[in-house]
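Colleague: Got a minute to walk me through this one? I'd like the overall picture, then some of the packing details.

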Amino acid sequence: MHNNMTRYLIFFQYVGNKYSGVVKVPPQQLNKKGVQDHLEAAILRLRPVNPARLTVSSRTDAGVHALCNSAHFDLQRKDDQEPFTEEILVDALNFHLREQQIRVNRAVRVPLDFHARYRAQSRTYLYRVALGCSKYQFPLSESEFCWNLCNTELDVDSMREAAAMLVGTHDFSSFRVVNSDPIKDPIKTMDQISIRPGTSFTCNHFYRDITFWELTFRSRSFLFRQVRRMAGALVAVGQGRLTPLSLKKVLDARDTMAFPPGLSAPAHGLFLTNVEYNQQDFQLPTSPSDETLTTSTDPPAA
């Protein structure tokens with residue numbers, strides 16, 4: 001094997017409503033591509049010897065944004081050229097992504113057996129809610145980045161009481177989307193669910209005051225659309241449509257059909273804000289001969 005094969009871990013951001021989600025779409029789908037499609041196209045513009053194959057750490061649905069998602073890929077340059085430095089790689093990818101609402105934040109050279117999804121220690125999502133403003137009286141700069149409710153206030157104490165019931169290790173089958181992967185383990189550990197006042201730079205300069213709340217969820221992994229379902233259920237508690245006890249009964253039912261219809265929060269208020277790793281996993285071997293390339297089947301989507 002050539003000794004200039006290099007594995008990179010990249011951290012990247014994107015505006016979700018411009019894309020069909022983060023993962024690749026079938027070639028025949030022309031209207032909206034996945035973020036992965038555009039990232040792989042940018043990698044190909046660097047003219048590697050090997051195919052551009054990105055492994056994304058955290059799958060996000062259409063309309064969901066990211067301030068920090070991550071992925072790994074291998075890159076081998078022609079004629080045994082030296083690997084790109086991390087800084088040059090970031091600049092080059094962003095140059096080829098300049099027409100997209102996707103940006104690479106940073107890159108890290110990692111061992112050839114590093115896996116962006118397997119090695120992730122936690123993922124943090126933020127859900128943004130705005131209160132007391134109709135969509136026609138709302139700043140355009142925020143309209144695609146939060147869930148705008150007509151409510152003037154929410155019962156945040158009840159929301160926090162309900163959120164505490166979801167923290168810890170539970171069977172989250174009730175928060176699983178109907179027809180989602182039945183093999184994926186519904187047992188998840190929520191390390192954090194918090195509800196705090198939010199902010200908006202734009203609204204500080206808008207002609208009227210708007211209240212923001214931020215719901216933060218941190219876990220090693222999530223079921224498909226689990227965060228949107230949890231956020232929607234907590235907002236329903238804040239609106240008085242659910243009680244904390246009734247939400248606990250939904251959780252305890254461990255049944256997808258127990259989740260009340262129409263409660264899932266819309267995609268455009270959700271941001272993936274962080275994917276955490278152990279820094280020791282980034283350590284490169286002391287010499288190229290110490291490193292071997294291993295292949296593995298991707299685990300189920302987080």
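Modeller: Sure, here is a quick tour, from the whole chain down to single residues.

Modeller: One thing up front: this is a predicted model.

Colleague: Noted. How many helices and strands does the chain have?

Modeller: There are 5 helices and 10 strands.

Colleague: And what about the radius of gyration?

Modeller: The chain comes out at 21 Å. A compact globule of 302 residues would be near 19 Å, so the value agrees with that. As for the box, the C-alpha atoms fill roughly 65 × 45 × 40 Å along the principal axes.

Colleague: How much of the chain is buried?

Modeller: Buried residues account for 51% of the 302. The exposed surface is about 15000 Å², with carbon and sulfur atoms supplying 49% of that area.

Colleague: What share of the contacts join residues at least 24 apart?

Modeller: That's 74%, counting contacts between residues at least 6 apart in sequence.

Colleague: Switching to charges: how many positive and negative side chains?

Modeller: The chain carries 35 positive and 31 negative ones. The centres of the two sets are 5 Å apart.

Colleague: OK, aromatics. How many pairs turn up in the whole structure?

Modeller: The search gives 11 aromatic pairs. Take F11 and Y277: their ring centres are 6.0 Å apart and the planes sit at 75 degrees, so that pair is edge-to-face.

Colleague: Where do F11 and Y277 lie?

Modeller: F11 is in strand β1, residues 6-14, while Y277 is in the segment after β10, which covers 270-276. The two are 266 residues apart in sequence, so the pair ties together parts that are separated by that stretch.

Colleague: Are those two rings buried or exposed?

Modeller: F11 counts as buried, at 3% relative accessibility. Y277 is buried as well, with a relative accessible area of 9%.

Colleague: Got another pair for me?

Modeller: Y125 and F222. Their ring centres are 5.3 Å apart and the planes are at 90 degrees, so this pair is edge-to-face. Y125 belongs to strand β5 (122-131) and F222 to the loop between β9 (211-219) and α4 (226-238), so the pair ties together parts 97 residues apart in sequence. On accessibility, Y125 is buried at 7%, and F222 is buried at 3%.

Colleague: Back to F11 for a second. Which residues form an aromatic cluster with F11?

Modeller: F114, Y277 and F282 join F11 in one aromatic cluster.

Colleague: Let's do helices. How covered is α1?

Modeller: Mostly covered, with 8 of its 10 residues buried. The buried set is V35, Q36, D37, H38, L39, E40, A42 and I43.

Colleague: What do the buried residues of α1 pack against?

Modeller: Their partners are β1, β2 (55-56), β3, α2 and β4.

Colleague: And α2, which residues are buried there?

Modeller: In α2, residues 86-96, the buried ones are L89, V90, A92, L93 and N94. They pack against β1, α1 (35-44), β3 (65-75) and β4 (102-110).

Colleague: Can you zoom in on a residue in β4?

Modeller: A107 is located in strand β4. A107 is buried, with a relative accessible area of 8%. Beyond residues up to four places away in sequence, A107 touches L9, I10, E86, L89 and V90.

Colleague: L9 caught my eye. Where does L9 sit, and is L9 buried or exposed?

Modeller: L9 is in strand β1, and at 0% relative accessibility L9 counts as buried. Setting aside neighbours within four places in sequence, the contacts of L9 include S70, A71, H72, R106, A107, F114, Y277 and F282.

Colleague: Last topic, backbone. Which way does phi usually go?

Modeller: Most residues other than glycine have a negative phi.

Colleague: So what is phi at D79?

Modeller: Phi of D79 is near 55 degrees, a positive value in a residue that is not glycine. D79 lies in the loop between β3 and α2. D79 is exposed, with a relative accessible area of 75%.

Colleague: What about D80?

Modeller: D80 has a positive phi of about 55 degrees, although D80 is not a glycine. The residue is found in the loop between β3 and α2. At 44% relative accessibility, D80 counts as partly exposed.

Colleague: Great, thanks for the tour.

Methods: Residues are numbered from 1 along each chain as its sequence is written. This is a predicted model: local features need pLDDT of at least 70, side-chain atom pairs count only at pLDDT 80 or more; totals for chains, interfaces and linings use all residues. Side-chain values use heavy atoms; hydrogens and water are left out. Helices (H or I, at least four residues) and strands (E, at least two) are DSSP runs, numbered from the N terminus. The radius of gyration is taken over C-alpha atoms; the globule rule is 2.2 Å times the number of residues to the power 0.38. Buried means under 20% relative accessible area, exposed over 50%, partly exposed in between (1.4 Å probe, protein chains only). Contact means heavy atoms within 4.5 Å. Accessible areas come from the Shrake-Rupley method with a 1.4 Å probe; for residues, only the protein chains shown count as cover. Lys and Arg count as positive and Asp and Glu as negative; His and the chain ends are not counted. The place of a charge is taken as NZ of Lys, CZ of Arg, CG of Asp or CD of Glu. Rings of Phe, Tyr and Trp (its six-membered ring) pair if their centres lie within 6.5 Å; planes under 30 degrees apart count as stacked, over 60 as edge-to-face and the rest as tilted.
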